[in-house]
Amino acid sequence: AQSTWAATSSQMKTCIAVFFFLVTTAFEARALEWTYISDVPGSYVYCLEAYEGNIYAGTYPNGRVYRSGDGGMNWVSTGTLSGASHVVDLLSASNGYLYAATHNLGPGVGTVFRTSNGGATWEQILGALNGAEGGLVLLETSDGFIYAGTGEYGEVFRTGDGGTTWESRGRFVGTMYVQSLLQASDGSLYA
């Protein structure tokens with residue numbers, strides 16, 4: 001069943017303003033005090049992502065993804081991602097997969113892995129990307145495509161089938177690092 005919502009422009013502005021105030025107030029109250037919970041075992045945390053009710057942490061220098069089902073009190077390794085030294089980005093996608101972008105051991109190579117079972121198994125789906133020395137970043141767009149941007153050589157790849165096949169969407173001229181990807185509200189992509 002599809003639901004619709006209609007409101008006048010002034011009603012929408014009022015709702016947005018009230019929502020923004022509530023979110024800002026709640027965030028400001030929490031941001032004043034941080035509470036130590038625990039460490040991820042033997043690692044530095046590079047990125048965090050929520051997936052299927054758990055928190056996942058991508059780490060370095062051991063290239064592992066850790067999972068916590070209790071709000072960060074305890075962490076369990078989901079295993080090593082083959083060849084990875086850094087897990088630089090995690091993406092929980094609408095297709096049910098959790099993706100991990102890595103920087104691999106060796107000069108400037110990156111890989112993308114995915115799991116659909118909470119990390120019990122990981123499948124390498126995009127590998128040996130030259131120029132990923134600065135790592136890889138991931139983005140899911142509103143139309144369901146997943147993009148991977150490489151670090152050192154600034155190339156962007158796209159998949160429309162969850163990662164089974166990838167196509168290059170272009171490389172930046174000169175030496176450009178893709179350190180972040182963004183989709184604007186009008187659908188434009190920025191790197």
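This is a walk through a predicted model, one selection at a time.

**The whole chain**

Start with everything shown as cartoon. You'll find one helix and 14 strands in the chain. Switch to a surface and you are looking at about 11300 Å² of exposed area, with carbon and sulfur atoms supplying 56% of it. Buried residues account for 39% of the 191 residues. As for contacts between residues at least 6 apart in sequence, 35% of them join residues at least 24 apart.

**Strand 1 and its surroundings**

Now select residues 44-51, which is strand 1. V45 sits in this strand, and its relative accessibility of 41% is why V45 counts as partly exposed. Add L48 and I55 to the selection: together with V45 they make a nonpolar surface patch of about 240 Å².

Stay here for some aromatic rings. The structure holds four aromatic pairs. One of them is Y51 with Y56, an edge-to-face pair with 5.7 Å centre to centre and 65° between the planes. Those are the two values to check in your viewer, because a pair of aromatic rings is described by the distance of the centres and the angle of the planes. Are Y51 and Y56 buried or exposed? Both are buried. Then pick Y44, Y46 and Y60, which form one aromatic cluster.

**Strands 6 and 7**

Next, select residues 109-115 for strand 7. Seven of its seven residues are buried, so strand 7 is largely enclosed by the rest of the structure. Show the side chains and look along the strand: V109, T111, F113 and T115 point one way, while G110, V112 and R114 point the other way. Both sets are buried.

Bring in residues 98-104, strand 6. Strands 6 and 7 pair in the antiparallel sense over six bridges. To find the register, pick L98, which stands opposite T115 in strand 7.

Before leaving strand 7, go back to R114. What does R114 form with E123? The two form a salt bridge, with the closest N and O atoms 3.0 Å apart. The partners differ in their cover: R114 is buried because its relative accessible area is 7%, under the 20% cut-off, whereas E123, at 40%, counts as partly exposed.

**Strands 10, 11 and 12**

Move on to residues 155-159, strand 11. How many of its residues are buried? Five of five, so to speak a mostly covered strand. E155, F157 and T159 point one way from strand 11, and V156 and R158 point the other way.

Select residues 146-150 next to see strand 10, which runs antiparallel to strand 11 and is joined to it by four bridges. I146 is a handy marker here, standing opposite T159. Then add residues 167-171, strand 12. Three bridges join strand 11 to strand 12, and these two also run antiparallel. For the register, look at E155, whose bridge partner in strand 12 is R171.

**A small charged network**

Keep that view and show the side chains of R158, E167 and R169. E167 forms a salt bridge with R158, where the closest N and O atoms are 2.9 Å apart. E167 also meets R169 in a salt bridge, at 3.7 Å from N to O. Salt bridges that share partners join R158, E167 and R169 into one network.

Colour the three by accessibility and compare. R158 is buried, with a relative accessible area of 16%. E167 is partly exposed at 36%, and R169 is partly exposed at 46%. Across the whole structure, the count comes to three salt bridges.

**Last stop: F172**

Finish by selecting F172. Where does F172 lie? In the loop between strand 12 and strand 13, the latter being residues 182-183. F172 counts as partly exposed because its relative accessibility is 35%, and that value falls between the 20% and 50% cut-offs. Draw a distance from F172 to A191, C-alpha to C-alpha, and you get 9.7 Å, for two residues 19 apart in sequence.

Terms used: Residues are numbered from 1 along each chain as its sequence is written. This is a predicted model: local features need pLDDT of at least 70, side-chain atom pairs count only at pLDDT 80 or more; totals for chains, interfaces and linings use all residues. Side-chain values use heavy atoms; hydrogens and water are left out. Buried means under 20% relative accessible area, exposed over 50%, partly exposed in between (1.4 Å probe, protein chains only). Two strands pair if DSSP finds at least two bridges between them. A salt bridge is a side-chain nitrogen of Lys or Arg within 4 Å of a carboxyl oxygen of Asp or Glu. Contact means heavy atoms within 4.5 Å. Accessible areas come from the Shrake-Rupley method with a 1.4 Å probe; for residues, only the protein chains shown count as cover. Patches are made of residues with over 30% relative accessible area and no salt bridge: like charges are joined within 9 Å, nonpolar side chains (Val, Leu, Ile, Met, Phe, Trp, Tyr) within 5 Å. Rings of Phe, Tyr and Trp (its six-membered ring) pair if their centres lie within 6.5 Å; planes under 30 degrees apart count as stacked, over 60 as edge-to-face and the rest as tilted.
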